Amino acid sequence: IATDICSYLDFVLKLFFAFGLEFEIPVATLLLCWTGATPPESLKAKRPYIVVGAVIFGMVFTPPDLISQTLLAV
């Protein structure tokens, strides 16, 4: 079965967007701490919720295979 080019490009662009957004999160976190918008203690207290949010983000933006979801969540 041949893959439709539109569905393939949609899949690739979705992954590029998800991984690109993921790699900007540490930069945004550093900027928030440096500007004083959020203290590091607040981020430490919210860490369990952030981990659950990362796993949910990985489930939504990746295909349904465990490897891609784990890589995006980590």
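**Helices and a pocket in a predicted model**

Let's start with residues 15–37. Over this stretch the chain is 91% helix and 0% strand, and the end C-alpha atoms lie 30 Å apart. Bear in mind that this is a predicted model.

Why that stretch? The UniProt entry, which is unreviewed, annotates residues 15–37 as "transmembrane region", and residues 49–67 as well. So much for the record. Over residues 49–67, the chain is 79% helix and 0% strand. There the end C-alpha atoms are 22 Å apart.

Now the helix packing. Take helix 1, residues 5–35, and helix 4, residues 66–73. Their axes come within 10 Å and cross at roughly 25°. Angles under 35 degrees count as roughly parallel. Helix 1 and helix 4 are therefore roughly parallel to each other.

Which residues meet there? From helix 1, Ala18, Phe19 and Glu22; from helix 4, Ser68, Leu71 and Leu72. By type, the residues of this contact are four nonpolar, one polar and one charged.

Next, the pocket. The largest one has a volume of about 520 Å³. It is lined by 17 residues. Closest to its centre are Ile25, Pro26, Thr29, Ile50 and Ala54.

Which elements give two or more residues to that lining? Helix 1, helix 2 (40–45), helix 3 (47–61) and helix 4. Helix 3 provides the largest share, with six residues.

And the character of the lining? It divides into 12 nonpolar, two polar and three charged residues.

To recap: helix 1 and helix 4 run roughly parallel, and both give residues to the lining of the largest pocket. Thanks, everyone.

Notes. Residues are numbered from 1 along each chain as its sequence is written. This is a predicted model: local features need pLDDT of at least 70, side-chain atom pairs count only at pLDDT 80 or more; totals for chains, interfaces and linings use all residues. Side-chain values use heavy atoms; hydrogens and water are left out. Axes are lines fitted to C-alpha atoms, for helices over the stretch in contact, and angles run from 0 to 180 degrees between N-to-C directions. Helices (H or I, at least four residues) and strands (E, at least two) are DSSP runs, numbered from the N terminus. Angles under 35 degrees count as roughly parallel, over 145 as roughly antiparallel, 65 to 115 as roughly perpendicular and the rest as oblique. Contact means heavy atoms within 4.5 Å. Ala, Val, Leu, Ile, Met, Phe, Trp, Tyr, Cys and Pro count as nonpolar, Asp, Glu, Lys and Arg as charged, and the others, Gly among them, as polar. On a 1 Å grid over the protein atoms alone, a cavity is a set of points where a 1.4 Å probe fits but cannot get out, and a pocket is an open set with protein on both sides within 12 Å along at least five of seven lines; lining residues have an atom within 4 Å of a point. Grid points are joined across faces, edges and corners, and a volume is the space filled by probe spheres set on the points. UniProt positions are given in the numbering used here, feature names are shortened, and annotations may be inferred rather than shown by experiment.
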